[in-house]
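Biologist: Take me through a close look at one part of this model, please, starting from a single loop residue and working outwards. Keep it chatty, but give me the numbers.

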Amino acid sequence: MDQTKRPFRVPPEFATYAEKHGIFDMYKRLIEQLIISKPEDPLVFLINLLKKENDDVPQICILGAPCSGKRSIAKLVSTKLRCVHIVPKQLLEDCDIALKKKLAKYLNSLDNTKAALWERLPQIPPELLVKILKERLNFPDCIKKGWVLEGIPQTREQALSMQENGIFPKHCVVLEAPDTVLVERAAGKRVDKKTGDVYHTTFDWPGNPDVQERLKEPKGYREEDMVNKLVVYHRHSDGIFRCYERVIKTLNADQPKADVFSQAYSYLCSQPRSSAPHTPRIVLIGATGSGKGVQAALLANKYNLVKVSCGQLIKQAIAQETKSGLAAKPYVEKDLIIPDSIVLDILKDRLCRLDCVTRGWVLHGYPRTREQAEQLDKAGLRPNRVFFLDVPNDSVIERLTLRAMDPITGEKYHMLYNPPINQEVKDRLWKNEKDNEENVRKLLGQFFAYMEELLDFYTEGQHINADQDPHTVFECLESMICKPLPKAFN
């Protein structure tokens, strides 16, 4: 930044690069791992962590009562996201021999029951479970692809121990259903001995006769057993959920599997709020009369953003006789389209100023074509939020052709929604010639000629129904600005 010139101009690439590559979040993760691991040589530890770090992978817990559908949803999620599905049984059976012996010795000291290790998961000491988990999660497949933990943790102590050791999911999905429904499900549960897939006699019976012959009724799912399991689950569930308050999503499991998975996947595509500094760079795209100026003013007032109107900037540049303004003046006088290079120079001059870089900005009236959007991107001014304000053509015509202004008071009226209070005011109202229906339809045609190109370029753009009350539209915009954009998994 050149401090000898005013107004100060900050290269916009600084904030864009940091946001694109998650610099702040990377620092946060490194410091967290440093505190958790407490290495003897912090610098070497951080360098090694940076070499292998891949945080952009799913890290998910699927929790719920017995027979709530954890296995089915976890398998669907792992298949869809191409990540590792970790099941308690497989986790404990495949762990290190020394850890397995230590685990068996501890559980046998409690009682002499012959139940499998994975069936006694709530009794496993948290420190032992964490060692087994860390061993598995450090495998290359989990590091590169991410993981889905099914039914882990099963006690609050286990959840806290996992957190202390840096094992914390980005998303936690809890499947809930009435106990009566779960007991009924357990009665019809069948397991394929060959593949381990779970089926149900009523809701999910396989069509393959060979699979039907292999199905067996699993042990431990009689009504008495289910009641005991549900008692244990409810004893620990509230404590576990409190550990994951910030990342938890509860879903109703008493509905078709496809619906449960659809809701779970929508949640998994969402991203948690970050503590990283967020400087909004917003572009509002919409046809004439869609309310871009109104929404830009509301956003600017509430969030202290710089409201940037492309048309207003051009008028100011011409009035101030700047270099770009003088270049644009002949085109304006002859009512011709101003070349994109001139408009971009005017925009860059404004958006690179200190107030825009530090406070953020909301731009409307630009870009109108894909070429303009690409030029804005190349100039380092790519927005981090793009909103398409959708309004039917009939509503736009109704909004514009029926508006008028009182030339004495400057008050704006609309013959349908905000008519003048008396005949005297009505008689002196002035209508802009550009608001006739023919001209409005022409402007709409020009906008929609380039709409598809803009949609193709701004694939992350959010669509807003702008054919409603302005404050309702504003609330929709607010919610999408405050929350991170949904993640698109490949």
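Modeller: Asn 304 has a relative accessibility of 46%, so it counts as partly exposed; exposed would take over 50%. Bear in mind that this is a predicted model. The backbone at Asn 304 deserves a look too: phi is near 55°, a positive value, and the residue isn't a glycine. As for where we are, Asn 304 sits in the loop between α14 (292-303) and β10.

Follow the chain out of that loop and you're in strand β10, residues 306-309, which runs parallel to β11 and is joined to it by four bridges. If you want one pair to click on, take Val 308, whose bridge partner in β11 is Leu 363. Strand β9 (residues 281-286) also runs parallel to β11, again with four bridges. There, Arg 281 has Trp 361 of β11 as its bridge partner.

That makes β11 worth a closer look. In this strand (residues 361-364), Trp 361 and Leu 363 point one way, while Val 362 and His 364 point the other way. Alternation of side chains between the two faces of the sheet is what you get in a regular strand. Here both sets are covered: Trp 361, Val 362, Leu 363 and His 364 are all buried.

Keep going past β11 and the backbone does something else to note. The peptide bond from Tyr 366 to Pro 367 is cis, with omega near 0°, and Pro 367 is in the loop between β11 and α19 (370-378). There's another cis bond to compare, from Ile 152 to Pro 153, with omega near 5°; Pro 153 falls in the loop between β3 (147-150) and α9 (156-164).

Asn 304 has a counterpart for its phi as well. Arg 82 shows a positive phi of about 55° and isn't a glycine either. Its loop runs between α4 (70-81) and β2 (84-86). Arg 82 counts as exposed because its relative accessibility is 61%.

Now for charges in the stretch leading up to β11. Asp 349 and Arg 353 meet in a salt bridge, 3.1 Å from N to O. Asp 349 is partly exposed at 29% relative accessible area, and Arg 353 is partly exposed at 26%. Arg 350 has a salt bridge of its own, with Asp 355, and the closest N and O atoms are 2.8 Å apart. In this pair Arg 350 is buried, at 17%, whereas Asp 355 counts as partly exposed, at 22%. The cut-off for buried is under 20%.

Beyond β11, Asp 377, Arg 382 and Glu 460 are linked in a network of salt bridges. There's also a surface patch of negative charge, where Glu 371, Glu 452, Glu 453 and Asp 456 gather. Helix α22 (residues 437-457) gives the most to this patch, with three residues. Glu 453 has its place in that helix and counts as partly exposed, since its relative accessibility is 32%.

To set the parallel pairs against something, look at the open sheet with the order β6-β5-β7, where three strands pair in antiparallel fashion. Strands β6 (198-200) and β7 (215-216) are at its edges with a single partner strand each, so each has one side without a neighbour in the sheet. Three bridges join β5 (residues 189-192) to β6, and Lys 189 has His 200 as its bridge partner in β6.

Terms used:
Residues are numbered from 1 along each chain as its sequence is written. This is a predicted model: local features need pLDDT of at least 70, side-chain atom pairs count only at pLDDT 80 or more; totals for chains, interfaces and linings use all residues. Side-chain values use heavy atoms; hydrogens and water are left out. Patches are made of residues with over 30% relative accessible area and no salt bridge: like charges are joined within 9 Å, nonpolar side chains (Val, Leu, Ile, Met, Phe, Trp, Tyr) within 5 Å. Accessible areas come from the Shrake-Rupley method with a 1.4 Å probe; for residues, only the protein chains shown count as cover. A salt bridge is a side-chain nitrogen of Lys or Arg within 4 Å of a carboxyl oxygen of Asp or Glu. Lys and Arg count as positive and Asp and Glu as negative; His and the chain ends are not counted. The place of a charge is taken as NZ of Lys, CZ of Arg, CG of Asp or CD of Glu. Helices (H or I, at least four residues) and strands (E, at least two) are DSSP runs, numbered from the N terminus. Buried means under 20% relative accessible area, exposed over 50%, partly exposed in between (1.4 Å probe, protein chains only). Two strands pair if DSSP finds at least two bridges between them.
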